[in-house]
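Subject: Handover of a structure, with findings

Dear colleague,

Please find below the sequence and the structure that I am handing over to you. My notes on what was found follow directly after it.

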Amino acid sequence: MLRLWNRMSARPAGRPRRCAASPIQFEPLEPRLMLSGDFCPPVFVSVFADNRGQIVLTASEDLMPDTVTPGAFRIISAGADNIFGTADDANLPITLQFDPDVDARRIIFQASGLEANQRYQVRVDGSQIRGVSGEMIDAEFNGPDMPTGDGTPGGEMMFFARPSSAPIAQFVTSLGTINVRLFQGQTPLSVANFQNYADTGRYDNTFVHRSVENFVIQGGGFIASPPFSQQPPRDPPVLNEPGISNLRGTLAFAKLGNDPNSATNQWFFNLGDNSANLDFQNGGFTVFGEIIDDAGLEIMDAIAALMTINASQVAGAFTDLPVLNEGVTPGSLTADDLMLIERISIGMTTSAEPPDELDADSVSVFGPGSARVTVYDISGLGLGPVSDMIDVRFNGESISSIRLLPGMPAQGAGIALTSSGSVGSVRDARGADAGDLSFLISNAPVNLIQLRGGITGFNLNGQLVAGIQFDEDIDGDGDFFDLTSIFVPSGRINSIHIGGDLGGDVVLNDGAFRIRVDGMTSNVDFVLGMQGIDTRPMNMQLGRVTDSSIISDVRIANLTAVEWVNLDGTRDIIETPGVNRLTITGDRRAGIDGNFNADMILSNQDGLSPAAISRMIVRGVMSNSELLLGGNIGTLIADGGLNNVRINSDQGIGALRAGPVSNTIFVFNGDIGNVRVAEWFGGAILADTLRTIRTTGDRSQGLEGDLAVDMRLAGNPSIPVSIRSAIVSGDLHIGFWEIEGSVGRIVVRGDTRDMDIDLNGSINLFRSNHVERTDIIAMEIRQIRATQWEGGLIQTNVLQRLNITGDNRAGLAGDFRGDINTLRTVRVDIRNDLRDSTITVNEFTFGERSSLVALNVTGVIINSTIRATDTIGSIITNGMVNTRVFANVNQNLTGFPTSTAQVGDFGAIQRILIRGPRGVATPAFESSIIVSNTLGRFELSRVGIDNTGAPFGLAARNINQLSYLAGGESYSFRLLTPSSPAPPPTVQDFQVRLGLLAPPA
């Protein structure tokens, strides 16, 4: 890769460089080494040229100020023909900056009237500039990585500057220069947005207005002139392009809260690793560049180390304003106090030679007018007679038809059509074994291009071909060395049909109605413009596609390909207003699955359809792709599944049908319709609502149908149910669901584990097999049904029914271990044991109805606490061990009350029936305490009276009915009060405390 600029360390002052050509000499009779006295003249050790015509030169020694004059410097544009060395080359006015008091080695000169990214030539007369040694600058340009000079003082430095294939942005700040590599291939929209601000000078004379310790420094949004709150003109917001992590030294765009696609001109540098926060917040913050060296990181850190002041009275954004001078206040703020961004520009590639003209070893056919056909011999094998190669028919100033004849060279022929009119057709009259062309160029519209063979492509970047001077980067992708197959700068093409392979870019500034490639499309950028007024959608039919992209200004009606895969690691992209239908067909006979691996940016700004993409069908796997959509998706079908896919849309999606899904993120500012996938493992769903989601499994692939995905649904006021149905054929696990709105049903045919389901509406049904470590939080839960529950929280205002059923076939007894926290619980049925759990019901109804209506435990209640703010209706179980049951008692009470004030006047437990397990003589009630103001009907079978001396039992002001078996005796009582004449006796450690307190010893 070409280097963009050169930097060589200057030697300390007073330490001269010795010329390599000067030999070391020894004086006789003296043991010391003597230098000859010949030293190299001063040179330029650093040359930087930017895309706005500014040149920065750094000399190897201090320069004599009176020799640094404007006459020594020239910047030359190529003129209207864009060719250097012709009569219309223009010397541009320049401004010179050289301040020996600041830096006596640094020269800056700037061209006026040069458009950004235009190529230019630089000349510096070394004979006019002298160093403090008195010698002239040795000025010959030796290349981007070499100091200037040929060993002889004087001479001329001449080089040519052109846009770089790997853009480097240079930030010139108050504390030094920061160089940033821009990720043009990965974030093309963001880089183009940033470069537009830089190219138009809107970042010049701005300042860093925010510095947050260990977080970011931010700038680009305010002009460094009083009153300092003025903002540069802003372009429309750019679509978000997340994906690169916000690590230390990366450059990203700031944006508005809760609006992922709101970035305009403000940028920030990450001072540390902010990936855990910024990669996901607000749709993810787009990183589009990175500081390239330690010197830049040191300057970033120096800016971050500046003191900050709160200048929000100047502008609301200035709460953390870094300043250079101590003692400055918001009222005394001047430009000298600010951390200035003096200039941001993009480095150019420099070379000693201008672009070459394509070898003119060619043949030409001239028509009756100015029209001409030129055939270039690219292979160097020689061209045959014109009549054997090509048949051209003219119609005045236009070409009516071109036929390629069997005598056309099989390889390495390029064709250029220059005409003042139009071209009717380019047809192939060769046989089925027709060879490939190198390129086809026309500077007029063509109705039909139909070739039997393919087009290999040729590097036309910067070339002069048939009088056409090509840009340094024809397709605008930042690569100056890629190949071009078809180039038509003006006029829309009706139809292109390539019978063979296509291996170079297709650049049609007015687009085409139809493009078909039967063979393989490799390393091709389709750049399809819309300079005319015809906005009809186009059709594209491709075979296998690798490492290729489409950039189109018009919508694509139908886009088909056998497959679309990336092999070189550079992200492919399809960028267009929209696609009506995209189909990746695969080819089973050829063993091609039909995979898709490309990014898509669909702006939907043409207004032709409400959908950015109406229907997308991928027969294979869709992987490593990111879709940024300005509209909705009608239907997405990926038979092979989705892997590492991210879809961002400012609307929704009608339906998704896919095989297995992994590491995939959906971000929709709208509703999602029906989702049906084989399984989903890893990633997230962010949308307003989700109609249905269903995992089906796939026995042929051994997929059970698991669902493991985070979900956040923001809700839609017009759709109260955020999820109508979620049906999981396998396990539901490892996910966080945050839902605004209600859920119809969640049915899990497998197990549920490590889930957190949080919604602010109701859920009609949650059903699963074994549930582990799972929280469900909702306003109302109508029914939960599981075979077993181990760990987690159920929290709701109203729990209508919880049913733990057990599953004998799976060896699940039907236990419940977990916490329940509600305002009211209607019914809980547990087939086996309630263990290590807390049930809390907090509704206070003054005895009008039960807070906990019914708790039925077929097994035993063990090591648990049941606490109601008001009344408990019924508890039926076969045993109760080391458990606490409280109704309307102090929240801090964990045992028997020590004061009657700890028990409220309205609490009641209407019924507790402890039956005892059948056929077992072990105690059914032991080590447990039940406390309430009133106990209704209590039946305790086989009370275990030995609790190692610790009292347990019942405490109440009144008991309506009580019967129990303790110490081999049966007891039965009715209407017990503190003044009852025969209160229940204490049987060893078992007590019945009427009036709540223990009887006197």
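Arg745 is placed in strand S56, which covers residues 742–748. The model is a predicted one, and the values below are computed from it. With a relative accessibility of 37%, Arg745 is classed as partly exposed. Together with Arg749, Arg767 and Arg785, Arg745 makes up a positive patch on the surface. Membership of such a patch requires over 30% relative accessible area and no salt bridge, and the 37% of Arg745 satisfies the first of these conditions.

Backbone geometry

Most peptide bonds are trans, and most residues other than glycine have a negative phi. Against that background, three places deserve your attention.

The peptide bond that runs from Pro226 to Pro227 is cis, its omega being near 10°. Pro227 sits in the loop that joins strand S14 (216–223) to strand S15 (250–253). Phe228 is also located in the loop between S14 and S15, and its phi is positive, near 75°, although the residue is not a glycine. Is Phe228 buried or exposed? Phe228 counts as buried, because its relative accessibility is 4% and the limit for that class is under 20%.

Asn663 is another non-glycine residue with a positive phi, here about 45°. Asn663 belongs to strand S50, residues 653–668. Its relative accessibility of 48% makes Asn663 partly exposed.

Aromatic pairs

How many aromatic pairs does a search of the whole structure find? The search returns 28 aromatic pairs. In one of them, Phe222 and Phe318 meet edge-to-face, with 4.9 Å from centre to centre and 80° between the planes. This pair connects distant parts of the chain: Phe222 is in strand S14, while Phe318 is in the loop between strand S18 (308–309) and strand S19 (321–322), 96 residues apart. Phe222 and Phe318 are both buried.

Phe925 and Phe990 likewise form an edge-to-face pair, with centres 6.3 Å apart and planes at 85°. Here too distant parts of the chain are linked, since Phe925 lies in strand S68 (residues 925–926) and Phe990 in strand S72 (residues 990–994), 65 residues apart. Phe925 and Phe990 are both buried.

There is also a cluster held together by ring pairs, made up of Phe171, Phe194, Tyr197, Tyr203, Phe253, Trp267, Phe269 and Phe288.

Salt bridges

Side chains of opposite charge can pair when their charged atoms come close. With a cut-off of 4 Å between a side-chain nitrogen of Lys or Arg and a carboxyl oxygen of Asp or Glu, the count is 27 salt bridges.

Arg430 and Asp428 form one salt bridge, with 2.7 Å from N to O; both Arg430 and Asp428 are buried.

A further salt bridge joins the side chains of Arg817 and Asp836, at 3.6 Å from N to O. Arg817 is in strand S60 (residues 816–830) and Asp836 in the loop between strand S61 (834–835) and strand S62 (838–841), so this pair ties together parts that lie 19 residues apart in sequence. Arg817 counts as partly exposed because its relative accessibility is 25%. Asp836, at 47%, is likewise partly exposed.

Arg393 and Asp391 are also joined by a salt bridge, in which the closest N and O atoms are 3.2 Å apart. Which residues are linked with one another in a network of salt bridges? The network consists of Asp391, Arg393 and Arg403. Arg393 has a relative accessible area of 47% and is therefore partly exposed, whereas Asp391 is buried at 19% relative accessibility.

A contact across the sequence

Asp706 occupies the loop between strand S52 (689–695) and strand S53 (707–713). With a relative accessible area of 18%, Asp706 is buried. Asp706 and Val728 are separated by 22 residues in sequence, and their C-alpha atoms are 6.6 Å apart in space.

Kind regards

Note on methods
Residues are numbered from 1 along each chain as its sequence is written. This is a predicted model: local features need pLDDT of at least 70, side-chain atom pairs count only at pLDDT 80 or more; totals for chains, interfaces and linings use all residues. Side-chain values use heavy atoms; hydrogens and water are left out. Patches are made of residues with over 30% relative accessible area and no salt bridge: like charges are joined within 9 Å, nonpolar side chains (Val, Leu, Ile, Met, Phe, Trp, Tyr) within 5 Å. Accessible areas come from the Shrake-Rupley method with a 1.4 Å probe; for residues, only the protein chains shown count as cover. Lys and Arg count as positive and Asp and Glu as negative; His and the chain ends are not counted. The place of a charge is taken as NZ of Lys, CZ of Arg, CG of Asp or CD of Glu. Helices (H or I, at least four residues) and strands (E, at least two) are DSSP runs, numbered from the N terminus. Buried means under 20% relative accessible area, exposed over 50%, partly exposed in between (1.4 Å probe, protein chains only). Rings of Phe, Tyr and Trp (its six-membered ring) pair if their centres lie within 6.5 Å; planes under 30 degrees apart count as stacked, over 60 as edge-to-face and the rest as tilted.
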